[in-house]
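Thanks for coming. I will go through one model this morning, element by element, and keep it short.

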Amino acid sequence: MSKKLKFGLPKGSLQDATIEKMAKAGFNISVSSRSYVPYVDDDELEIRLIRAQEISRYVEHGYLDCGITGYDWVIENGSKVHEVGEFLFSKATRQPARWVLCVPENSKIKSVKDLKGKRIATEVVNLTKKYLKKNGVKAEVEFSWGATEMKAHELVDAIVELTETGSSLRANKLRIVDTLLSSTPRLIANVEAWKNPWKRKKIETLAMLLKGAIEAEAKVGLKMNIAEKNLAKLLRELPALRNPTISSLSLKGWVAVETIIDEHIVRELIPQLKAAGAEGIIEYPLNKVVY
């Protein structure tokens, strides 16, 4: 019987982004509306799509060997799991998502201390209660099934809500009072599965390939030719080209230069390369960058 690793991926808002990252890592996953077990082109993997809120509990209890979920849900559930790695990807940005305490713009609440005796709605009840206890504040915390932003204006005094950019909160005329927790997606493993040599190696391979795929998203490769007499000046003036690969061309006195740089500086860099004497400049996308 072949060995299998049970791998939980988040269903819902992070599903498409996670499956996209898995594809770039080399694992193609197909989701069917007729089955809750997605297909993956790796006989050693069994994929399960489960709500991110629940993954850490299933990993902790061994129903899953590993999974990708938010750090926030590991904390909210109090799950005892092994954290393998952090992955900075999300729906809107590569920045951490934040659970924030919010009130209507015209609210008199200015700090957590003003919440004494008030009512707060949130999906992260345990996290919010720990926050209040840490600040010595007694308040009522109720679970919110949804439409939490609307409740802040009519049904409760404050909310604790997840935000990436803050634009939705501003659109709903809400003001952030404090940040309770910053969260990024994490690859977590069951403690016993991590002790199993085969499972650990498989999980570490997944982590390496996923990290390589995510690292590659913000970078591009550059190739160019330049006269050897201009090479030293090029490297001295353009620190972005540190540690490039340099190889001789069949044309005497010319070399080929190849490097990897951050994509956001390419538009400033290429004109400088051209001015320094580079020719045949090629920019190309990357699938993985593994350090």
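How many aromatic pairs does the structure hold? This is a predicted model, and it holds 3 aromatic pairs. I will take two of these pairs in turn.

In one of the pairs, Y58 and Y63 have ring centres 6.0 Å apart and planes at 75 degrees. A plane angle over 60 degrees counts as edge-to-face, so the pair of Y58 and Y63 is edge-to-face. As for exposure, Y58 has a relative accessible area of 29%, which makes Y58 partly exposed. Y63, at 56%, is exposed.

Another pair is F143 with W145. Their ring centres are 4.8 Å apart and the planes stand at 80 degrees, so F143 and W145 are edge-to-face too. F143 is partly exposed at 37% relative accessibility, while W145 is exposed at 80%.

Next, the nonpolar interior. The largest nonpolar core has 25 residues, and the ones with the most contacts inside it are F7, L9, M22, F27, L45 and L187. At least two residues of this core come from each of β1 (5-11), α1 (15-25), β4 (45-51), β5 (66-70), β12 (185-189) and α8 (197-217). The most comes from α8, with 7 residues.

Take F7 as an example from that core. Leaving aside residues up to four places away in sequence, F7 touches M22, L45, E46, I47, R48, L64, C66, G67, I68, L187 and L206. There is also a second, separate core of 21 residues; W73, L101, I109 and Y131 are among its members.

Now helix α2, residues 52-60. Which of its residues are buried? They are A52, Q53, I55, S56 and V59. An α-helix has 3.6 residues a turn, so residues three or four places apart point the same way. The buried residues of α2 pack against β1, β4, β5, α3 (71-77) and β12. Just after α2 comes G62, with a positive phi of about 90 degrees.

Two single residues before I get to the pocket. T148 sits in helix α5, residues 148-154. Is T148 buried or exposed? At a relative accessible area of 7%, T148 is buried, because buried means under 20%. Not counting residues up to four places away in sequence, T148 is in contact with A121, I159 and E161. Between the C-alpha atoms of T148 and P197 there are 44 Å, with the two residues 49 places apart along the chain.

K201 belongs to helix α8, the helix that gives the most to the largest core. K201 itself is exposed, at 61% relative accessibility. Its C-alpha atom is 43 Å from that of L231, and these two residues are 30 apart along the chain.

Last, the second largest pocket, with a volume of about 260 Å³. Which residues line this pocket? The lining consists of K219, A240, R242, N243, T259, I260, I261, D262, I265, V289 and Y291. By type, the lining divides into 6 nonpolar, 2 polar and 3 charged residues. The largest share, 4 residues, comes from strand β15, residues 254-262.

That is the tour. I can put any of these regions back on the screen.

Technical notes
Residues numbered from 1 in each chain as written. Predicted model: local features only at pLDDT ≥ 70, side-chain atom pairs only at ≥ 80, totals over all residues. Heavy atoms only, no water. 1 Å grid on protein atoms, 1.4 Å probe; cavity = no way out; pocket = protein on both sides within 12 Å on 5 of 7 lines; lining within 4 Å. Points joined across faces, edges and corners; volume = space filled by probe spheres on them. Nonpolar A, V, L, I, M, F, W, Y, C, P; charged D, E, K, R; others polar. Core = buried A, V, L, I, M, F, W, Y, C linked by side-chain atoms within 4.5 Å. Buried < 20%, exposed > 50% of the residue type's maximum accessible area, 1.4 Å probe, protein only. Contact = heavy atoms within 4.5 Å. Phe/Tyr/Trp six-rings, centres within 6.5 Å; stacked < 30°, edge-to-face > 60°.
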